[in-house]
Amino acid sequence: MSTYLQTIEDVYAAAARQPDQNLCCTSAPVWRFPDLAIPPAMLAMNYGCGATVEPRDLRRDDTILYVGVGGGLEALQFAYFTRRPGGVIAVDPVADMRAQARKNFDDAARVNPWFQPDFVTILDGNALDLPVPDGSVRVAAQNCLFNVFRQHDLDRALGEVARALKPGGLFATSDPIAPAPLPEAFRANDLARAHCLSGCQTFDDYLAAITGAGFGRVEVRSRVPYRLLTPHEFPELREAVMLESVEIAAYKMPDGPDGAEIFTGRTATYAGREEAWDDGAGHVLPRGVPVAISDAAAGRLARQQDVTLTPPTYSVRGAGCC
Ligand SMILES: C[S@@+](CC[C@H](N)C(=O)[O-])C[C@H]1O[C@@H](n2cnc3c(N)ncnc32)[C@H](O)[C@@H]1O
């Protein structure tokens, strides 16, 4: 195993033995659902940087693959929707983390009458070699793990998720991103990488890795400030860097005619005299009604008369026409 991957496993083994509230620093509130009680030990191990659980994505008969179980918070939230033995499969290579997650699920069963610990199957496994068959799950998720991987491992981890998903399946992912490529000296800081800081890619590079792995349709659900890094704290940085956290839904689908379809919240509205406008490429815009469009479609429509475009909101749930 590469030394940097070993450092990551060591950091998370320690964070399993002793919760470290500063390990990841999401300020987003934790999802609360009716009749879902989250044990305090699980809450103290919220090592995510966003959320990957979205009720509108989920069906009772889903099998959900969760990569990097942490304290089990999101696996429990997913199990809230599947509610059957083995409905959630959580994979983690760190024995201490798996043991702590098991304890946390036992605690969760004591305070949630609807939950049984076997609703989550915990597997010893690695994101780089997932212990599940091809095309076996409709939903896969990871939160704040993939940013720690170097490019070739990230590509491999994304390829593994794509392999495990059924065609059309959803990959819900959340990671921190950087506003510009981080200095090489900082990228070489393995401890900061394990803390989800120095491995961050730019937004465009992160999306390119996802689409390159076979996810032809992507929705950017959230993009918010996450953590300010300063040269005082990290001398490898020349200036302060504000990391953001993104939440993405990526679908295992072929690319559209313009390549992968990335929805960032842009809309197009036809403002002409007709009832509707047909762009001749299969897209009909009714007059006066904003329609969600991909970034590629926005590029195509940018010089179109009588079409008004709006900028990204980074808050997309359910994408639009093209
Ligand atoms: C930043 S924590 C995130 C935990 C969880 N997703 C959450 O939101 O709280 C990263 C998790 O990935 C696990 N992990 C570390 N290396 C891994 C690998 N190569 N494959 C899968 N999981 C890994 C760690 O043990 C830890 O549970």
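Mentor: Before we begin, keep in mind that two strands count as paired if DSSP finds at least two bridges between them. The model we are discussing is a predicted one.

Trainee: With that in mind, in β13, which residue is the bridge partner of T267?

Mentor: Strand β9, residues 267–270, and β13 are joined by four bridges, so under the criterion of at least two bridges they count as paired. The two strands run antiparallel. Within this pairing, the partner of T267 in β13 is T310.

Trainee: In what order do the three strands of that open sheet stand?

Mentor: The edge strands are β12 (291–292) and β13 (307–310), each of which pairs on one side only. The pairing in this open sheet of three strands is antiparallel. Read across the sheet, the order is β12-β9-β13.

Trainee: Turning to the open sheet of eight strands, which strands stand at the edges, each with a single partner strand?

Mentor: The order of the eight strands is β3-β2-β1-β4-β5-β7-β6-β8, with mixed pairing. Each edge strand has a single partner, so one side of it is left without a neighbour in the sheet. From one strand to the next, the twist averages 20°. The strands at the edges are β3 (120–124) and β8.

Trainee: Within that sheet, how many bridges join β6 to β7?

Mentor: Strand β6 covers residues 217–229 and strand β7 residues 241–251, and the two run antiparallel. One of the facing pairs is V220, which stands opposite I248 in β7. The number of bridges that join β6 to β7 is eleven.

Trainee: And in β8, which residue is the bridge partner of E219?

Mentor: Strand β8, residues 261–263, is joined to β6 by three bridges, and here the two strands run parallel. In β8, the partner of E219 is F263.

Trainee: In β2, which residue is the bridge partner of V67?

Mentor: Strand β1, residues 64–67, pairs with β2 over four bridges, and the sense of that pairing is parallel. The partner of V67 in β2 is V91.

Trainee: At about what angle does helix α5 run to β5?

Mentor: Helix α5, residues 151–164, lies across β1, β4 (137–143) and β5 (165–177). Relative to β5, the helix runs at about 150°.

Trainee: Is α1 roughly parallel or roughly antiparallel to α4?

Mentor: The axes of α1 and helix α4 (residues 95–111) are 7 Å apart, and the helices pack at an angle of about 30°. Because angles under 35 degrees count as roughly parallel, α1 is classed with respect to α4 as roughly parallel.

Trainee: Which residues of α4 make the contact, and which of α1?

Mentor: The crossing of these two helices is left-handed. The residues of the contact divide into four nonpolar, one polar and two charged. From α4 come D96, M97 and Q100, and from α1 come Y12, A13, A16 and R17.

Trainee: Finally, which element gives the most to the shell around the ligand?

Mentor: The ligand is surrounded by 26 residues, the closest being Y12, G48, G68, G70 and A127. By class, the shell divides into 16 nonpolar, seven polar and three charged residues. At least two residues of the shell are supplied by each of α1 (3–17), α3 (73–82) and β2 (88–92). With three residues, the element that gives the most is α1.

Terms used. Residues are numbered from 1 along each chain as its sequence is written. This is a predicted model: local features need pLDDT of at least 70, side-chain atom pairs count only at pLDDT 80 or more; totals for chains, interfaces and linings use all residues. A residue is near a molecule or strand if its C-beta atom, placed from the backbone, lies within 6 Å of it. Ala, Val, Leu, Ile, Met, Phe, Trp, Tyr, Cys and Pro count as nonpolar, Asp, Glu, Lys and Arg as charged, and the others, Gly among them, as polar. Axes are lines fitted to C-alpha atoms, for helices over the stretch in contact, and angles run from 0 to 180 degrees between N-to-C directions. Angles under 35 degrees count as roughly parallel, over 145 as roughly antiparallel, 65 to 115 as roughly perpendicular and the rest as oblique. A crossing is left-handed if the near helix is turned anticlockwise from the far one by less than a right angle, and right-handed if clockwise. Two residues are in contact if their C-beta atoms, placed from the backbone, lie within 7 Å.
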